[in-house]
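This report concerns the aromatic rings of the structure shown below, their pairing and the charged groups placed over them.

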Amino acid sequence: MSSNIRPADMKRINTPELAQAFIDEQVKAVREQVGDKKVLLALSGGVDSSVVAALLIKAIGRQLVCVHVNHGLMRKGESEQVIEVFQNQMDANLIYVDATDRFLALLAGVDEPEQKRKIIGGEFIKVFEEEARKLEGIDFLAQGTIYPDILESDGVKAHHNVGGLPDDFDFQLVEPVRLLFKDEVRCVGHALGLPASMVERQPFPGPGLGVRCLGAITRDRLAALRESDAILREEFAAAGLADRVWQFFTVVPDFRSTGVRDGKRAFDWPVIIRAVNTLDAMTATVPEIDWAVLKKITARILAEVPGVCRVLYDLTPKPMGTIEWE
Ligand code: XMP
């Protein structure tokens, strides 16, 4: 495997032509590295793994085996998009594992944030390992490692919250975007024809909605979280805010408050809207969202999401508050 150091004279990939030249070069390099062997990839649907998948499909087609683990904590439509784009449109060799019940069973009653993260990360590796063991003749493991991962954390994806695969897996690594910065990975993703909604996706934590469904996760609050998040995304996009706000999502706490529904007293969950602007996620400010947009989102969440009777907008910058609530 070649160097993990970005050459000083390497051009910043910021045009379709440069992206295409990079793709051509990597397709050749991957074919040389892999030959007629099979490559395994954990495809989350995030920017990095999606770009690696599209690149490898171009290079080696169905020699790439993608495993998409749905941990039940994906945003609305995300797993469906992975299947649509990679299996249906790109004819990928994709194994889809719906592990929702397994994850939610393990998480039941667990309210400590770090413990929740550990369970999600550990179980993810376990499910992926089980799938890998069912396959035969895999020699290579592809990873969406990008250059900041190498600079910041010894080449381990900092945000994956998972350990590695067991030692008896003796895979050689295929990491075609390891020398690229995020904006370059996006540029390559566009040139590979991936949908903009996938390539321009805002950061999404590995533990997914698990860190936004506060306390012990329950199916009803998880459903309220997923639906309210989808409404927020739709309305931010409609208002032209999707490209202007760095990260935005909803949070559902594990306490209820009193409401009135159809003339009767209700005791339901609140939904908190979190939106931030930042350069590096170390500090963040809260954008001033047009009142009419917030009112529309509030009205839609209250009308369309069962079990919710209150909507709040989080005004807290980082510091003091972190971006996520857990
Ligand atoms: P915080 O909440 O620490 O978040 O201000 C900073 C950025 O990191 C993301 N984040 C995570 N990403 N696994 C991830 O992959 C995690 O456990 C995790 N926690 C926070 C967060 O969404 C924000 O972009």
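In this predicted model, the charged end of Arg75 is placed over the ring of Phe204, at 4.1 Å from the ring centre. A second arrangement of this kind involves Arg256, which lies over the face of Trp269 at 5.1 Å from the centre of the ring.

Aromatic rings also pair with one another. A pair of this sort is described by the distance of the centres and the angle of the planes. The count of aromatic pairs comes to 3. One of them joins Phe169 and Phe171, whose ring centres are 5.3 Å apart; their planes meet at 25°, so the pair is stacked, given that planes under 30 degrees apart count as stacked. Phe236 and Phe248 form a pair with centres 4.6 Å apart and planes at 40°, so this pair is tilted. The pair of Phe236 and Phe248 links distant parts of the chain, 12 residues apart: Phe236 belongs to helix H9 (residues 219–238), and Phe248 to strand E6 (residues 247–251).

The table lists the relative accessible area of the residues in these two pairs.

| Residue | Relative accessible area | State |
|---|---|---|
| Phe169 | 16% | buried |
| Phe171 | 18% | buried |
| Phe236 | 0% | buried |
| Phe248 | 4% | buried |

The cut-off for burial is a relative accessible area under 20%. Phe171, at 18%, is therefore classed as buried, and Phe169, at 16%, is likewise buried. In the tilted pair, Phe236 has a value of 0% and Phe248 one of 4%.

Notes
Residues numbered from 1 in each chain as written. Predicted model: local features only at pLDDT ≥ 70, side-chain atom pairs only at ≥ 80, totals over all residues. Heavy atoms only, no water. Phe/Tyr/Trp six-rings, centres within 6.5 Å; stacked < 30°, edge-to-face > 60°. Buried < 20%, exposed > 50% of the residue type's maximum accessible area, 1.4 Å probe, protein only. Helix = DSSP H or I, 4+ residues; strand = E, 2+ residues; numbered from the N terminus. Lys NZ or Arg CZ within 6 Å of the ring centre and 35° of its normal.
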